[in-house]
Amino acid sequence: MTGERDSLFASGQAQTLRLIVYLTAAVALMVTDHHSGYLERIRSTLAALATPLYRVAQAPVEAARWLHAAASERVELKRENDSLRANLLLAQARLNAARIETEQNQRLLQLLDAGRRYRLSGRLVQVFDIDIDPYRQRLLLDGGRDMGIQLGQPLIDAYGLIGQVMTVGSTTTTVMLLTDPQHGVPVRNARTNQRAIAYGLGRSDRILLPTLPINSDVQVGDELVTSGLGGRFPAGFPVAVVREVEPDANGMFAQAFAEPYARLQHSSELLLLEEHDAGTDVGEWPSDGVGPPTLPADEEAAVEPVEGETRP
């Protein structure tokens, strides 16, 4: 027992002595380093060696910070981009609205100028609906008897003749276009003063002058204007321009195809003409409410169909 106690006591003394030696050496090194600074280079070298380890340890934290900043910046950029796109679309919409309004004002000015140019009086009407097919060429106007619209009144746009009122309701009006297969309008060649009847073909870009004398002086480019016969339409208003001249199927007469001046499918405002000077009595609509008005005898004779030809 005594030997074990001596061993333990000896071990404790050795450890105490070792601690004292370490502390003495540490104090000596600190004092020496404080006065001479020879350990500074060692510390710098150790710090340089530890820097990569520090950066590796900080890399996940820095990456997390960078990702958070990038995500925040992306969200902010997207929000700003969406705002700019919305403002751009709004500006484009306003610009288009202003352009459309300007174009509409120009069309109205052209329409009113056409009325003044040809010394015609009338009222502006709005197109409510359009019915265009090979068998019907009609417009529906927003307005009827409540606006004083009457059967047979002609309509024009800024470029030429549109057609005439076919039926009048209390709040709407149906207009038969000059291109309707059942419509005919007395015209004359502005160059030669030759008179004829122009019939619709169910096409918005063509009307027909049938059964012309084979030696008629009709040329491509001739302007057709209203002749005023029948009293339905004012005389001298543009109708169409001749695009083709050819013999008919029998070869006994000539026929001409003309393109209307009016923009039949694009006009949204029209001028409904009021009373005008009539050279002859106004024709009457047939009992079924469709078809061209009755024509004077001389006009009927000018377009008498030949055998085998069906008159429009």
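**Strand pairing and side-chain contacts in a predicted model**

Biologist: Which residue in strand 2 stands opposite aspartate 129?

Modeller: In this predicted model, local features need pLDDT of at least 70 and side-chain atom pairs pLDDT 80 or more, whereas totals for chains, interfaces and linings use all residues. Residues are numbered from 1 along each chain as its sequence is written, and side-chain values use heavy atoms, without hydrogens and water. Strand 1 (residues 122-132) pairs with strand 2 (residues 137-142) in the antiparallel sense over 5 bridges; strands are DSSP runs of E, at least two residues, numbered from the N terminus, and pairing needs at least two bridges. Opposite aspartate 129, in strand 2, stands leucine 140.

Biologist: In what order do the strands of the closed barrel run?

Modeller: The closed barrel has 6 strands with antiparallel pairing. Their order is 1-2-5-4-3-12.

Biologist: Which side chain does that of glutamine 164 join in a polar contact?

Modeller: Glutamine 164 is found in strand 4 (residues 161-168). The polar contact (N or O atoms within 3.5 Å, one able to donate a hydrogen and the other to accept it; residues adjacent in sequence count only if both atoms are side-chain atoms) spans 3.1 Å. The partner of glutamine 164 is arginine 232.

Biologist: How far from the side chain of serine 216 does the backbone oxygen of proline 213 lie?

Modeller: Serine 216 is placed in the loop between strand 8 (206-213) and strand 9 (223-226). Its side chain also makes a polar contact of 3.2 Å with the side chain of glutamine 194, 22 residues apart along the chain. From the backbone oxygen of proline 213 to a polar atom of the serine 216 side chain, the distance is 2.7 Å.

Definitions and conventions
Helices (H or I, at least four residues) and strands (E, at least two) are DSSP runs, numbered from the N terminus.
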